Amino acid sequence: MEFCKMFSISVVIIAEMVITTSSQRIPTTIEGPFQPTTRSFDPSLRRGSDDLPMDHPRLKRNVTSNFPEQIAIALSTPTSMWISWVTGDAQIGVNVTPINPSGVASEVQYWKKNSNDIRKASGVSVVYSQLYPFQGLWNYTSGIIHHVKIEGLEPETQYHYKCGDSSLGAMSEEFVFETLPLPGSGKYPPRIAVVGDLGLTMNSTTTIDHLITNDPTIILMVGDLTYANQYLTTGGNGTSCYSCAFPNAPIRETYQPRWDAWGRFMQPMTSRIPMMVIEGNHEIEPQISNITFQAYLTRFSVPSNESGSGTNFYYSFDASGIHFIMLGAYVDYNQRSSQYVWLENDLKKVDRSKTPWLVAAWHPPWYNSYSSHYQEFECMRLQMEGLLYQNGVDIVFSGHVHAYERMNRVYNYSLDSCGPVYITIGDGGNIEKVDVDHADELGKCPSAQDNIPEIGGLCHMNFSSGPAKGQFCWDTQPDWSAYRESSFGHGILEVVNSTYALWTWHRNQDIYKEDKHGDQIYIVRQPHLCFNTSNGNQVIPTPWPRFLLHRRSNSIIFLCLIYFFLLYIIQ
C-alpha cells in the first residue's frame with residue numbers, strides 16, 4: 001500500500017517535470033507547414049571577416065618534404081575507407097615543373113584497437129597543375145597526392161592507422177577512426193555535421209571549432225570549400241568580390257596554395273572523421289585548354305566507382321541506415337544526361353528496409369527566398385525534382401546562398417506533406433560575407449537577367465499559381481520558406497530511428513553559450529502516407545511517444561528509473 005502511494009506521488013512529480021519542460025518542446029514537421037519566420041541579421045555582428053594569412057599557425061606546413069600532411073578519410077563502402085594525404089613540395093610561379101608522383105609510395109598500415117595484427121594497403125599517387133596562358137599570372141603544380149583504400153573493416157570498430165612511405169622512414173603519426181554500423185542493422189550515425197561555403201576566414205575557424213565540440217560522426221561538405229579563387233595572387237589578401245577587384249581579368253585566377261592550407265586546417269578533424277564532399281562553383285577554377293575542377297577532382301577520394309558513377313561530380317554512399325546522394329550542379333543534369341541515368345539506377349537500388357532515410361545534397365539550392373542566387377538553378381530543379389520526389393527523398397542539403405534557410409515540405413513550389421525538407425546552410429564562414437537581402441523585400445527582387453549560373457542553362461520564370469501568381473518574386477516571405485536567418489554556422493543531423501531525426505542549426509555566435517543554438521526541429525518521415533519505395537519495399541514507421549520529443553527527456557527518464565530503483569530497494 002505504501003509503495004502504491006509512493007508510486008502515485010512519483011507519477012505526479014514526473015508529470016510536473018514534463019509540464020515544466022513543455023516550453024522546451026521541439027517541434028516536428030508533422031505539425032507543419034509552419035508560418036514563415038525571419039530572424040533578422042544581428043547588427044552587433046560583422047557580416048564577414050578577413051581571410052586567414054598563409055603564415056597563420058593553423059595553415060602552416062609542419063612536416064618535411066616526404067612526410068604526410070593534409071590527411072583525410074572518406075567513406076568508401078560499409079566495410080572500407082579511403083585515406084588521402086599529400087607529400088612533397090608544391091610549386092608556384094611563372095615556370096613550374098611537376099614532380100614525379102612515383103617518387104614516394106602510397107602506403108597505409110592499419111590495425112584494430114588492442115590488436116597486433118597490422119595490415120597494409122597500397123594505392124595511387126598523382127599530381128596536378130593549374131596553368132594560365134596569360135602573362136603575369138602564376139602557375140602551380142601540386143605535391144604528390146596519395147589515395148589508398150583500406151578494406152575488410154568490421155562495423156562499429158575502432159581502427160588505428162599510419163600513412164606514408166615506410167621505405168623512406170616517412171610514416172605519419174598514429175590516427176584513429178571508428179567504423180559505422182552496417183546498413184540494415186537498425187542503427188544510424190550518431191551525429192552528421194553539414195557545412196557549406198566554408199573558406200578560410202576567421203569565421204571559418206569559429207565554425208570548425210564549434211563543429212568539433214559537437215563531436216560529429218560524418219561531415220557533409222556541400223561545396224565551395226577553400227575559396228582559392230577568391231584569394232589574390234598578388235598582395236596576399238582575400239577579396240569579397242573578385243570581379244570588382246579585377247574587372248578586366250582575362251580568366252578567374254586562383255591561388256592554389258590555399259588548397260594546401262585548407263587541407264592542413266582541416267586535418268585535425270578529417271584525419272579521424274570521414275568527410276564527404278561535393279563540388280561548388282568556387283571549385284570550377286578554369287585554366288589552360290578549358291580544363292576545370294582540377295584541384296577538386298584530384299585531391300579528394302569519394303565512392304564514385306563504388307556507387308557506379310565513375311566520377312567525383314556525383315556519387316552515392318550508405319552510412320548505416322541512411323543512403324546519401326551527392327549530385328553535381330555544374331555538370332550536365334538534364335534527363336538525357338549520364339548523371340540523370342545514373343541517378344535513376346541508383347534510386348532503383350535503394351532498399352528502404354536497410355536504409356530508410358534518403359538524403360540528397362548538392363551545392364546551389366532549388367528553393368531560396370534570398371536575393372542572392374534567386375532562381376539560379378531552376379533548370380536543374382525542373383529536370384530532377386520529379387525523380388527525387390517520386391522516390392521519397394527525405395531531406396536535401398545545399399549551400400551557395402550565404403545564409404540559413406529551412407523550408408516547409410514542398411514540391412514544385414507548392415506545400416506538399418510528402419515533399420523533402422530543403423535546408424540551405426551556405427554560410428560556413430567564407431570571405432564573401434553573409435547574405436541579408438530577401439527577394440520578397442521592397443526593391444530587393446532580382447531581375448530575370450540576374451543570377452546567371454556559371455555553368456548550365458537559365459530557366460527563370462514567373463510563378464504560375466499561388467499568392468505570387470504572375471510575379472517573379474513574392475511580396476512576403478513565401479509559404480514554403482519556414483525559417484530563415486542570416487548567420488554563420490553549421491548544422492547537426494541526429495537520426496533517432498527510421499522515422500525521426502533531430503536537425504539543429506548551430507550559429508557561430510552561440511559557440512560559448514551552453515545549450516544555445518538556432519533553429520531546431522524533428523524531421524519526421526511518414527512513408528506509409530506518401531509512397532511505396534521504387535523497389536517495392538514498404539517502410540513501417542516507428543514513431544516515438546510525444547514525451548520523448550522533449551530536449552531533457554533522456555535525463556528525466558534516467559532520473560525516474562533511478563528513483564523507482566531506490567524505492568524498490570527501500571521496500
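In the counts of lining residues below, Ala, Val, Leu, Ile, Met, Phe, Trp, Tyr, Cys and Pro are taken as nonpolar, Asp, Glu, Lys and Arg as charged, and the others, Gly among them, as polar.

**Whole chain: a predicted model with 10 helices and 28 strands.** The structure shown in this view and in those that follow is a predicted model. The mean pLDDT of the chain is 88, with 86% of the residues at 70 or more. Residues 1-23 have a pLDDT below 50, and beyond near neighbours in sequence this stretch makes 17 contacts in the model. Another stretch, residues 536-560, also stays under 50 in pLDDT, and here the model has 56 contacts beyond four places in sequence. Of the 571 residues, 56% count as buried, and among contacts with a separation of 6 or more, 73% join residues that are 24 or more positions apart.

**Largest cavity: a space with a volume of about 270 Å³.** A search of the whole structure finds six cavities of 30 Å³ or more. The largest cavity has a lining of 21 residues, and those that lie nearest its centre are Q70, A72, S84, R299 and F300. Two or more lining residues come from each of strand 2 (69-77), strand 3 (80-87), helix 4 (257-270) and strand 16 (275-277). Sorted by class, the lining of this largest cavity consists of 15 nonpolar, five polar and one charged residues.

**Second largest cavity: about 90 Å³ of space.** Its lining is made by 14 residues, with L75, T77, P78, T79 and L180 nearest the centre. Strand 2 and strand 3 each supply at least two residues of this lining, and so does strand 17 (315-319). The lining of the second largest cavity holds eight nonpolar, five polar and one charged residues.

**Open sheet: three antiparallel strands in the order 4-9-8.** Strand 4 (91-93) and strand 8 (129-130) form the edges of this sheet, and because each has a single partner strand, one side of each is left without a neighbour in the sheet. Three bridges join strand 4 to strand 9 (residues 139-141) in the antiparallel sense. At one of these positions, Q91 has T141 of strand 9 as its bridge partner.

**Strand 14: a run of residues buried on both sides.** From strand 14 (residues 192-195), I192 and V194 point one way, whereas A193 and V195 point the other way, and all are buried. Strand 14 pairs with strand 15 (residues 218-221) in the parallel sense over four bridges, and within strand 15 the bridge partner of A193 is I219.

**T207: a buried residue of helix 2.** T207 lies in helix 2, which spans residues 202-213. T207 has a relative accessible area of 0%, and because buried means under 20%, T207 falls in that class. Leaving aside residues up to four places away in sequence, T207 touches V195, L198, G428, G429, G489, H490 and N508; of these, V195 belongs to strand 14, shown in the preceding view.

**Strand 21: a strand covered on both faces.** In strand 21 (residues 404-407), Y404 and R406 lie on one side, with E405 and M407 on the other, and all of these residues are buried. Strand 21 runs antiparallel to strand 24, to which it is joined by three bridges, and in strand 24 the bridge partner of R406 is I423. Strand 21 is also joined to strand 25 by four bridges, again in the antiparallel sense, and here M407 has S481 as its bridge partner.

**C445: a partly exposed residue in a loop.** C445 is found in the loop between strand 24 (421-425) and strand 25 (481-485). The relative accessible area of C445 is 36%, and because this value lies between the 20% limit for buried and the 50% limit for exposed, C445 counts as partly exposed. Not counting residues up to four places away in sequence, C445 touches A439, F472 and C473. From C-alpha to C-alpha, C445 and D475 are 9.2 Å apart in space, although 30 residues separate them in sequence.

Key. Residues numbered from 1 in each chain as written. Predicted model: local features only at pLDDT ≥ 70, side-chain atom pairs only at ≥ 80, totals over all residues. Heavy atoms only, no water. pLDDT = per-residue confidence, 0-100. Contact = heavy atoms within 4.5 Å. Pairing = 2+ DSSP bridges. 1 Å grid on protein atoms, 1.4 Å probe; cavity = no way out; pocket = protein on both sides within 12 Å on 5 of 7 lines; lining within 4 Å. Points joined across faces, edges and corners; volume = space filled by probe spheres on them. Buried < 20%, exposed > 50% of the residue type's maximum accessible area, 1.4 Å probe, protein only.
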